[in-house]
Amino acid sequence: MDDLLFGAQLVHPNLEAADAEDAIRQLGQVLVRQACIDPRYIEGVVERERSFPTGVEFPGGPIALPHGDPTFVRRSAIAVAKCSTPVPFHAMGDANATLQTEFVIMLAVSDPDGHLEVLSHLMDALADEVFYRDIQAATGEEAIARLFSGRLVKEVESHGIGL
């Protein structure tokens with residue numbers, strides 16, 4: 001898998017979105033501006049979210065992890081949005097349940113196997129309540145990026161994935 005791009009340029013610190021689709025589209029544009037994805041990736045993520053929702057309840061609170069088919073990924077990346085007000089996403093495993101998410105983390109990974117590995121490490125980090133509280137308290141792109149990078153770089157690089 002190619003190196004995974006992540007940094008302050010991929011953080012949206014005050015996302016204002018009406019719903020899950022709006023959040024996905026806005027965060028997808030962050031990835032488009034950094035030439036990480038073809039715009040068609042966003043449409044695929046929106047469609048996938050309708051059938052396979054990505055809201056996950058973590059110990060610190062709910063987070064959405066939208067992602068899509070790697071076909072339209074130009075460069076693997078993670079984009080993070082901290083929502084100004086919680087955005088409703090349907091729960092993974094129970095599409096009837098709605099979670100009010102404070103964070104939306106969009107994965108764009110070109111390698112399907114690498115995608116699962118990155119998702120696993122990301123979920124491990126998000127399950128840590130201290131880490132969750134730290135990202136909740138963080139303000140601005142740089143602070144949020146620093147927290148994610150500090151936690152994820154160690155995780156993924158120890159397993160041979162660049163971040």
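## Strands, helices and a pocket

Ala77 in β4 stands opposite Ala108 in β5. This is a predicted model, in which local features need pLDDT of at least 70 and side-chain atom pairs count only at pLDDT 80 or more, while totals for chains, interfaces and linings use all residues. Residues are numbered from 1 along each chain as its sequence is written, and side-chain values use heavy atoms, with hydrogens and water left out.

**The strands**

Helices (H or I, at least four residues) and strands (E, at least two) are DSSP runs, numbered from the N terminus. Two strands pair if DSSP finds at least two bridges between them. The table lists the pairs.

| Strands | Direction | Bridges | A pair of partners |
|---|---|---|---|
| β4 and β5 | antiparallel | eleven bridges | Phe89 and Leu99 |
| β2 and β3 | antiparallel | four bridges | Val56 and Ile63 |
| β1 and β4 | parallel | three bridges | Val11 and Val80 |
| β3 and β5 | parallel | two bridges | Ala64 and Val104 |

Two hairpins appear here. One joins β2 to β3 through two residues. The other links β4 and β5, again with two residues between them. Gly93 sits in that turn and has a positive phi of about 90 degrees.

**Helix α2**

Helix α2 covers residues 40–51, twelve residues in total. From its first C-alpha to its last it reaches 17 Å, close to the 16 Å expected. The expected span is 1.5 Å times one less than the number of residues. Which residues of α2 are buried? They are Tyr41, Ile42, Val45, Val46 and Glu49. Seen down the axis of α2, these buried residues fall within an arc of 140 degrees, so they line one face of the helix. Buried means under 20% relative accessible area, exposed means over 50%, and partly exposed lies in between (1.4 Å probe, protein chains only). The arc is that of the directions from the helix axis to the C-beta atoms. What covers the buried residues of α2 includes α1 (20–33), β2 (55–58), β4 (77–91) and β5 (94–108). Contact here means heavy atoms within 4.5 Å.

**Helix α3**

Helix α3 spans residues 112–126. Its 15 residues should span 21 Å, and its end C-alpha atoms are 21 Å apart, which agrees. Its buried residues are Gly114, His115, Val118, Leu119, His121, Leu122, Ala125 and Leu126. Down the axis of α3 they fall within an arc of 165 degrees, so they line one face of the helix. Asp113 and Leu116, on the other side of α3, are exposed.

**The largest pocket**

A pocket is an open set of points on a 1 Å grid over the protein atoms alone, where a 1.4 Å probe fits, with protein on both sides within 12 Å along at least five of seven lines. Lining residues have an atom within 4 Å of a point. How much space lies in the largest pocket? About 160 Å³. Its lining is made of Asp19, Ala20, Glu21, Ile24, Val46, Glu49, Arg50, Pro88, Phe89 and His90. At least two of the lining residues come from each of α1, α2 and β4. Val46 and Glu49 belong to this lining and are also among the buried residues of α2. Phe89 lines the pocket too, and its bridge partner in β5 is Leu99.

Notes. Points joined across faces, edges and corners; volume = space filled by probe spheres on them.
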